[in-house]
Structure formats: structure tokens, C-alpha cells
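Visitor: I've got a sequence and a model on my screen, and I'd like someone to walk me through them. Can we look together?

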Amino acid sequence: MINKLKGKLDFDELFGPNQHSYRPGFSTTTACVVLQDFLASELDKGNIVLLYSADLSSAFDLLRFQILINRLIELKVSSKLVNVIENFLADRSGFVDVGGSFSNLRNILIGCVQGSVLGPVLFNIYKKLR
């Protein structure tokens, strides 16, 4: 499924040159090298540099399915592939285990499947557009 999605979208154009997560040949190491190079260059020019950093480690939990589906439709992803992705995200349930005590099973209405190969790609599409 991920290859079909990549075949429909130009990820380099969609994410730009500064997207380092979840892309072949890019990593936190390449992000640090690019950042260090930029900072050194700007400081050498005598410019003041401000850096803003955000931790997105829990951001997968906030993905809204319908927004992602609408964005895929806007990107002209085929309706069959959009339906498969929607089925991948919808109708999930889960529970919480705290010290052996389990909560009731609940429907999961938001969030992206973490630990899946497709999850990071969908999250990148979700967060990048708009």
C-alpha cells in the first residue's frame, strides 16, 4: 500500500528538502548536519539566529482521520486507495493496562497507527499540508 501511495505522490515535492523524518536517505543525523551547517553559516555572517524546536512524539495520537482523508482526496489519490487507508485507520479499539488493571475496551476515534510502516507517511501528509 505504501508503494502505491508513493507512486501517486511526489514526496520530494510534497515534503521539501528539509523533511528528514521517515524518508530514505534522511535521518536525525542528516537533520543535525543541515542545521549545524545553517547555524554556522549564519553566525559566520554575523546574523542573529533563533531556533524553535517542537517535540512531535505524541502527535500521532492527534491525527484526525477525516482531515487526512480530505487531504488525500485533494491530492487526487485514487478513491480505492483512500478507502483502504480509511479502513486502516477506522474501526480500531484499545484499552489501557496499568499495573495489570485493564480499562474497558473503547473505540479509537483519532490517531494514527504507531509502529506501522504506513503510519509515518500518513502523518507526514497530514501535518505537511495547509
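Guide: Sure, let's go through some helices, then some aromatic rings and a few polar side chains.

Guide: This is a predicted model, where local features need pLDDT of at least 70, side-chain atom pairs count only at pLDDT 80 or more, and totals for chains, interfaces and linings use all residues. Residues are numbered from 1 along each chain as its sequence is written, and side-chain values use heavy atoms, with hydrogens and water left out.

Visitor: How far apart are the end C-alpha atoms of helix α3?

Guide: Helices here are DSSP runs (H or I, at least four residues; strands are E, at least two), numbered from the N terminus. The expected span is 1.5 Å times one less than the number of residues. For the 17 residues of α3, 28-44, that should give 24 Å, and the end C-alpha atoms agree, being apart by 24 Å.

Visitor: Which residue caps the N-terminal end of α3?

Guide: Look for a polar contact: N or O atoms within 3.5 Å, where within protein one must be able to donate a hydrogen and the other to accept it, and residues adjacent in sequence count only if both atoms are side-chain atoms. The backbone nitrogen of threonine 29 has a side-chain oxygen 3.1 Å away, and that oxygen belongs to the cap, serine 27.

Visitor: What arc do the buried residues of α4 cover around the axis?

Guide: Buried means under 20% relative accessible area, exposed over 50%, and partly exposed in between (1.4 Å probe, protein chains only). In α4, residues 65-74, the buried ones are Phe65, Leu68, Ile69, Arg71 and Leu72. Going by the directions from the helix axis to the C-beta atoms, they sit on the same side of α4, because their arc is only 160°.

Visitor: Which residue just after α4 takes a positive phi?

Guide: Check the backbone right past the end of that helix. With a phi of about 65°, the residue is lysine 76.

Visitor: What kind of aromatic pair do phenylalanine 95 and phenylalanine 102 form?

Guide: Rings of Phe, Tyr and Trp (its six-membered ring) pair if their centres lie within 6.5 Å; planes under 30 degrees apart count as stacked, over 60 as edge-to-face and the rest as tilted. Phenylalanine 95 is partly exposed at 49%, and phenylalanine 102 is exposed at 54%. Their centres are 5.5 Å apart with 65° between the planes, so by the cut-offs the pair is edge-to-face.

Visitor: And what do the rings of phenylalanine 123 and tyrosine 126 form?

Guide: These two are three residues apart in α6, about one helical turn, and both are buried. Their centres lie 6.4 Å apart and their planes are at 35°, so the pair is tilted.

Visitor: Which residue lies over the face of tyrosine 126?

Guide: A charge sits over a ring if NZ of Lys or CZ of Arg is within 6 Å of the ring centre and within 35 degrees of the ring normal. At 5.3 Å from the ring centre, the one over tyrosine 126 is arginine 71.

Visitor: How many of the residues of α6 are buried?

Guide: The buried ones include Leu118, Pro120 and Ile125. Asparagine 124 also counts, at 1% relative accessibility. Among its contacts (heavy atoms within 4.5 Å), leaving aside neighbours within four places in sequence, are Phe15 and Tyr22. Of the 11 residues in α6, the buried number is nine.
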